[in-house]
Amino acid sequence: MPGLTRGKESAMAWSTKRHTHRRGSAALAALLLIGLATPAAAGTLAERVFETTLANGLKVLILEEPKAPVASAQVWYKVGARNEPAGKTGLAHMMEHMMFKGTPTVSGKEYEARIQRHGGMNNAHTGMDVTAYYVDFAAERIGLGLELEADRMAHLSIAEQDFQTERAVVAEERRLRVDDQPAQILGEVLRATAFLAHPYGRPTIGWSSDIQGWTRDDVAAFYRTYYAPNNATLVVAGAVKRDELLPRIRALFERIPRQPAPPPVVTREPPQQGERRVLVRKEAELPLLLVAYHAPNITHPDSYALSALAIILGGGESARLHRQVVYETPLASYAVAGYNPAHPDPFLFGLSAGPLPGKTAEEVERALDTEVERIQREGVTERELMKAKNQMESEFIFSQDSVHGLASLLGHYETVASWRLLDSFLDGVRTVTADDVLRVARTYLVPDNRTVGVLVPVTPQREKVPAAPARPDVRGEPTELPVKGGCQ
Amino acid sequence: MTLRRAARRFLALLAAAMLLAAAAPAGAAALGRREVLENGMVLLTAERTAVPIVTVSLLIRAGAIYDPPGKPGTASLMAQLLTQGTTTRTAPQISEAIEFVGGSLTAEAGQELLSVSLSVLRKDLDVGLDLLADILRNPTFTPADLARKKQEVIAGIRRDQEDPGTVSYQAWRALVYGNHPFGRPVEGTEASVSAITREELVRFHADFVRPDQAILAVVGDLGPEELKGRLASRFGGWEPGRRTLAVPPAPPLLAARSVRTIQKAVTQANINLGHPAIPRSHPDFYAVQVMNHLLGGGFTSLLFTAIREERGLAYDVGSHVSAGKIAGDFNLSLQTKNEAAQEAIELALAQIRRMREQPVSAEALADAKAYLTGSFPLRLDTSRKVVGMLASIEYHGLGLDYVTEYPRHLEAVTAADVLRVARTHLDPERYALAVVADLTKTQLSP
């Protein structure tokens with residue numbers, strides 16, 4: 001079992017995937033926040049999911065799914081990088097690490113030992129909007145997972161020594177995931193540039209100096225504010241019986257006191273009024289291009305058509321970007337599009353491409369633009385639209401194969417909006433017309449609404465030479481970069 | 001899992017056996033059915049009706065270890081070109097057909113095996129099987145497709161060099177295996193990929209991609225008889241190969257410690273340490289699994305505790321025993337800030353020595369075994385996992401009752417076994433060490 005990623009933070013993506021599998025497109029799509037297609041829903045979850053809210057405000061979702069003798073218990077807290085104050089970036093993720101450090105009755109070591117002893121698998125992740133914990137067990141042992149989650153929701157020990165050690169671990173995590181990964185740095189800088197005001201511009205793992213600035217009391221205050229039953233959802237899916245489970249859940253969780261509602265995130269990103277461009281110059285082998293357009297979230301009806309557009313444009317080898325930029329006229333080794341509207345606030349619609357050796361980011365950007373403009377001029381075909389709908393439907397059906405995956409979907413959607421949107425989303429997708437796709441392409445995929453990021457490879461020898469920068473700008477506009485959106 | 005991509009790619013195919021590091025509930029039925037088709041293809045099936053999907057895993061002994069001499073990357077390039085054109089379909093026609101129905105069809109090479117995976121909705125099974133048979137039997141490797149794919153592969157190889165973890169892992173494998181085929185990256189090098197010819201791909205395909213070397217596992221919402229009918233028309237005329245395949249010998253053990261350091265402008269030292277170990281068929285396999293779990297296999301392991309929990313030196317630290325059919329290795333990896341590299345290496349070696357010197361407590365042994373057996377249902381909770389397990393069981397010749405046999409093997413492991421296999425199969429003296437770091441800050445001792 002190679003899984004040693006305790007305290008994973010999905011720095012760029014909403015995606016809860018713990019690793020990207022394939023080199024190239026998948027890895028680099030993940031970089032930019034981009035869950036490929038959105039989870040579409042088959043309209044049946046409402047009939048299968050039991051929902052209740054305990055007296056202390058804890059939302060409970062139970063899905064009886066007996067096809068495999070396993071169960072997943074997950075606690076989703078409605079807190080992520082989005083909720084961090086300036087100067088404290090990364091605190092949500094640090095909080096997640098500290099949740100494994102034990103309580104007065106169950107030490108961190110004992111916590112792990114108990115789960116292991118019962119054959120459980122556990123981990124957690126932090127995103128922009130969510131912090132989620134899971135334990136998967138053979139179904140009859142799921143009660144242990146519930147006990148441990150209730151205990152640490154109520155009684156976490158936050159010792160100074162543990163805090164100091166874990167801060168060092170998180171600093172190493174940042175070095176591993178971001179500082180030594182040119183593509184990840186570009187993604188971080190792009191986000192920081194795309195968002196001037198909204199906290200989505202901040203890295204989930206935190207800026208290095210903020211990591212060094214946290215205190216143990218910051219964590220303790222964060223825990224009190226956000227790790228409250230009224231700010232969480234408990235999801236249990238698998239071979240369980242609701243009638244047996246619910247009394248147990250009530251006994252374990254209902255006594256945990258409710259807390260005052262956490263402060264709302266009031267900042268709204270102002271409309272972008274002109275293209276922003278940013279370069280990252282770093283030792284790397286090849287350039288990299290990221291393009292991010294502001295786009296609405298799942299509560300907006302345009303999210304359906306934008307989801308279809310992302311698939312038509314860049315959702316596979318038969319999609320337009322791959323077909324033109326990788327296959328017909330090879331300029332890039334991959335070219336993808338991605339859009340995930342499952343956020344409480346509007347986020348981004350992204351394009352990503354990796355130029356081939358000898359090709360420039362400029363050429364590739366021009367080719368991506370050509371495809372975007374073609375859709376804006378000619379629209380999409382009925383067959384393309386049908387393909388996008390088929391993919392979203394089938395993705396949802398495949399997601400039914402894993403109770404862990406289903407529980408994650410429910411928890412994620414409930415935390416960012418409502419799990420019921422899983423049902424209504426596919427209904428919405430089914431109603432999308434080619435005209436809708438054309439309209440959203442013309443509305444959102446416009447230069448004034450986008451941020452373009454380019455990784456400019458610098459060889460070690462040239463590092464100190466003020467070499468001429470690659471010019472990502474392709475239309476003869478000023479190459480001077482706009483001031484980067486501030487998050488520091 | 002933050003196991004580096006390179007390691008993961010290797011493990012995914014070769015060490016599927018490690019997924020078996022778990023046990024079945026007593027009395028569980030066989031995982032599926034097995035039969036050998038006339039052309040030698042082994043068919044494994046399991047019915048799973050809860051969700052209307054079908055997943056297919058096809059393994060063929062056509063991995064990178066069979067690359068022609070001097071042409072690393074041939075198997076990998078061949079695999080990637082399977083979906084890029086057949087005698088009747090172009091690459092866009094293949095991708096359009098599978099993506100229109102919301103399915104997926106991928107092919108990739110590992111060290112020992114070519115792996116082709118298909119997933120489709122039940123109603124689209126014919127579409128998927130048509131494509132699967134076509135890409136296996138009739139790929140064309142046109143010069144245009146070859147030229148394009150080579151460039152993509154080379155771009156991937158170069159981007160991999162941006163990842164210090166991958167660079168370190170590849171350097172480590174080269175130290176461990178020397179000139180043995182296992183020491184080469186599956187995807188080849190920029191130079192070797194450039195030099196691969198169409199004729200070599202055609203020959204490799206003809207020699208290796210053949211039914212008598214294939215394992216086809218199918219899990220889904222249909223019975224074996226119906227499935228066989230659908231397979232007959234597509235695979236029935238596929239002729240077995242004639243050439244006898246030479247399997248590379250197992251690599252030799254290391255004669256001495258070897259170290260490679262690579263300078264890179266990075267903030268962390270990326271460290272890989274280890275040596276050849278046992279293949280899957282070795283009788284010590286089960287004891288080694290338990291031993292490695294205690295040493296570096298989880299959140300309670302010696303390595304995790306000493307290096308992360310107590311010292312905060314690393315985010316990702318652990319060890320793995322990859323046990324392939326032909327060869328296996330023991331790999332310990334971690335990343336820590338440049339300045340702490342020497343301390344972390346010493347701590348890691350100290351844990352290996354401790355594993356070899358101190359008997360494991362009864363409680364720790366029981367916990368490790370309980371984890372490995374108790375988590376078994378989680379290894380089989382999706383169609384994709386079941387299909388992978390079926391194919392792996394066949395490749396390693398473990399038998400379809402393996403899921404009930406495994407816990408028995410595991411339960412038999414004693415504390416004395418753990419100590420013995422640690423002393424036999426871990427070596428704190430003769431190992432390979434690769435470090436990619438800013439060497440001006442690491443102060444490594446020689």
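# Two domains per chain and a contact between chains

In this predicted model, the centres of domain 1 of chain A and domain 2 of chain A, taken over C-alpha atoms, are separated by 28 Å. The domain assignment places domain 1 of chain A at residues 49-253 and domain 2 of chain A at residues 276-462.

## Domains of chain A

Where the two domains of chain A meet, domain 1 contributes 33 residues and domain 2 contributes 28 residues. On the side of domain 1 of chain A that touches domain 2 of chain A, the elements giving two or more residues are strand E3 (59-64), strand E4 (70-77), E6, helix H7 (182-194) and strand E7 (232-238) of chain A. Among these elements, H7(A) gives the most, with 9 residues. By class, this side of domain 1 of chain A holds 21 nonpolar, 7 polar and 5 charged residues.

Chain A as a whole contains 17 helices and 12 strands. Of its 488 residues, 60% are buried. Among contacts in chain A with a separation of 6 or more, 82% are between residues 24 or more positions apart.

## Domains of chain B

Chain B is likewise assigned two domains, domain 1 (5-235) and domain 2 (258-442). Their C-alpha centres lie 26 Å apart. The contact between them takes 47 residues from domain 1 of chain B and 51 residues from domain 2 of chain B. At least two residues each of the side of domain 1 of chain B that touches domain 2 of chain B come from helix H1 (5-14), helix H2 (16-19), strand E2 (42-47), strand E3 (53-60), H7 and strand E6 (214-220) of chain B. H7(B) gives the most to this side, with 9 residues. The residues of this side divide into 37 nonpolar, 7 polar and 3 charged.

The table sets out the domain contacts of the two chains.

| Chain | Centre separation | Residues from domain 1 | Residues from domain 2 |
|---|---|---|---|
| Chain A | 28 Å | 33 residues | 28 residues |
| Chain B | 26 Å | 47 residues | 51 residues |

## A sheet in chain B and the helix across it

Chain B has an open sheet of 5 strands in the order E7-E11-E8-E10-E9, with mixed pairing. Its edge strands, each pairing on one side only, are strand E7 (258-263) and strand E9 (317-323) of chain B. On average, and with direction ignored, neighbouring strands of this sheet are turned by 15° against each other.

Strands of a sheet pair through backbone hydrogen bonds, either parallel or antiparallel. E7(B) and strand E11 (residues 432-437) of chain B run parallel and are joined by 6 bridges. Within E11(B), Val436(B) stands opposite Ile262(B).

Helix H7 (residues 164-177) of chain B, already named at the domain contact, lies across E7, strand E8 (268-277), strand E10 (328-337) and E11 of chain B. The helix runs at about 155° to E11(B).

## A buried hairpin in chain A

In strand E5 (residues 121-126) of chain A, 6 of the 6 residues are buried, so this strand is largely enclosed by the rest of the structure. In a regular strand the side chains alternate between the two faces of the sheet. Met121(A), Asn123(A) and His125(A) point one way from E5(A), while Asn122(A), Ala124(A) and Thr126(A) point the other way, and all are buried.

A hairpin of 4 residues joins E5(A) to E6(A). The two strands run antiparallel, with 6 bridges between them. Asn122(A) stands opposite Val135(A) in E6(A).

## The contact between the chains

Chain A and chain B each contribute 64 residues to the contact between them. On the side of chain A that touches chain B, at least two residues each are supplied by helix H4 (108-117), strand E6 (131-138), helix H6 (160-179), helix H12 (320-328) and helix H14 (382-399) of chain A. The largest share, 9 residues, comes from H6(A). By class, this side of chain A has 23 nonpolar, 19 polar and 22 charged residues. E6(A) thus appears in this list and also among the elements of domain 1 of chain A that touch domain 2 of chain A.

## Confidence of the prediction

The average pLDDT of chain A is 87, and 85% of the residues score at least 70. Over residues 1-43 of chain A, however, the pLDDT is below 50, although this stretch has 146 contacts in the model beyond near neighbours in sequence. Residues 462-488 of chain A also stay under 50, and the model has 41 contacts for them beyond four places in sequence.

Definitions and conventions:
Residues numbered from 1 in each chain as written. Chains lettered and ligands numbered in written order. Predicted model: local features only at pLDDT ≥ 70, side-chain atom pairs only at ≥ 80, totals over all residues. pLDDT = per-residue confidence, 0-100. Contact = placed C-beta atoms within 7 Å. Nonpolar A, V, L, I, M, F, W, Y, C, P; charged D, E, K, R; others polar. Pairing = 2+ DSSP bridges. Axes fitted to C-alpha atoms, helices over the stretch in contact; angles between N-to-C directions. Buried ≥ 20, exposed ≤ 12 C-beta atoms within 10 Å, placed from the backbone. Domains from an automatic or database assignment.
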